[in-house]
Amino acid sequence: MTPQDRAERAAKVMWEDDPASKRLGMSLDAVAPGSATMTMTIRDNMANGHGICHGGFIFTLADSAFAFACNSYNQRVVAQHNSITYLAPGKLGETLTATARETSREGRSGIYDVTVTGEAGRDIAIFRGHSRQISGTHFNEND
């Protein structure tokens, strides 16, 4: 099994059991070892009192991309610590893209940076996720 095949299969297993991302209208657009790209269109029920996207939805999109990136090696991995810096508002009707990239992976720990952009590549947020590997895999590689 190639590393790309492993990443795609792990993502497929995770996606099948991810009602939160699906119900928010997210799409998993790409996955590769240590990386993932997801999109989500901002709906009116995602607006805050300022008429812009609530930061929690932007965080959730970034967190989902982070999860698919750090689980791409067929090892079960969870978030240990995350932070986000908001740079610009997400606008209603706008499609946001979260691109996660592995920065470091040593032993059971990893660091992933996620850039969230709006349409025309406008920077919306920068997210950094620290991951921790737990026991188990997403699928049996001998099947």
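Which element gives the largest share of the lining of the largest cavity? Strand E5 does, with three residues. The views below come from a predicted model, where local features need pLDDT of at least 70 and side-chain atom pairs count only at pLDDT 80 or more, while totals for chains, interfaces and linings use all residues. Residues are numbered from 1 along each chain as its sequence is written, and side-chain values use heavy atoms, with hydrogens and water left out.

**View 1. The cavity and its lining.** The count comes to one cavity of 30 Å³ or more, and about 80 Å³ of space lies in the largest cavity. Here a cavity is a set of points, on a 1 Å grid over the protein atoms alone, where a 1.4 Å probe fits but cannot get out; lining residues have an atom within 4 Å of a point. Points are joined across faces, edges and corners, and the volume is the space filled by probe spheres set on them. Look for Cys-70, Tyr-73, Arg-105, Arg-108, Tyr-112 and Gln-133 among the lining residues. Strands E5 and E6 are the elements that give two or more residues to this lining.

**View 2. Helix H3 from end to end.** H3 takes in residues 55-70, 16 in total, and reaches 22 Å from first C-alpha to last. That's close to the 22 Å expected at 1.5 Å a residue, taking 1.5 Å times one less than the number of residues. Helices (H or I, at least four residues) and strands (E, at least two) are DSSP runs, numbered from the N terminus. Buried residues in H3 include Ile-58, Leu-61, Phe-66 and Cys-70, buried being under 20% relative accessible area with a 1.4 Å probe, protein chains only.

**View 3. Into the largest nonpolar core.** This core has 30 residues, and Met-40, Ile-58, Leu-61, Leu-96, Val-114 and Val-116 have the most contacts inside it. A nonpolar core is a set of buried Ala, Val, Leu, Ile, Met, Phe, Trp, Tyr and Cys residues joined through side-chain atoms within 4.5 Å. H3 supplies the largest share, eight residues. Zoom in on Val-114: leaving aside neighbours within four places in sequence, its contacts (heavy atoms within 4.5 Å) include Ala-62, Phe-66, Ala-98 and Phe-127.

**View 4. Thr-37 on strand E2.** Thr-37 sits in strand E2 and is buried, with a relative accessible area of 16%. Not counting residues up to four places away in sequence, Thr-37 touches Ser-27, Leu-28, Asp-29, Ala-30, Thr-97, Ala-98 and Thr-99.

Definitions and conventions:
Buried means under 20% relative accessible area, exposed over 50%, partly exposed in between (1.4 Å probe, protein chains only). On a 1 Å grid over the protein atoms alone, a cavity is a set of points where a 1.4 Å probe fits but cannot get out, and a pocket is an open set with protein on both sides within 12 Å along at least five of seven lines; lining residues have an atom within 4 Å of a point.
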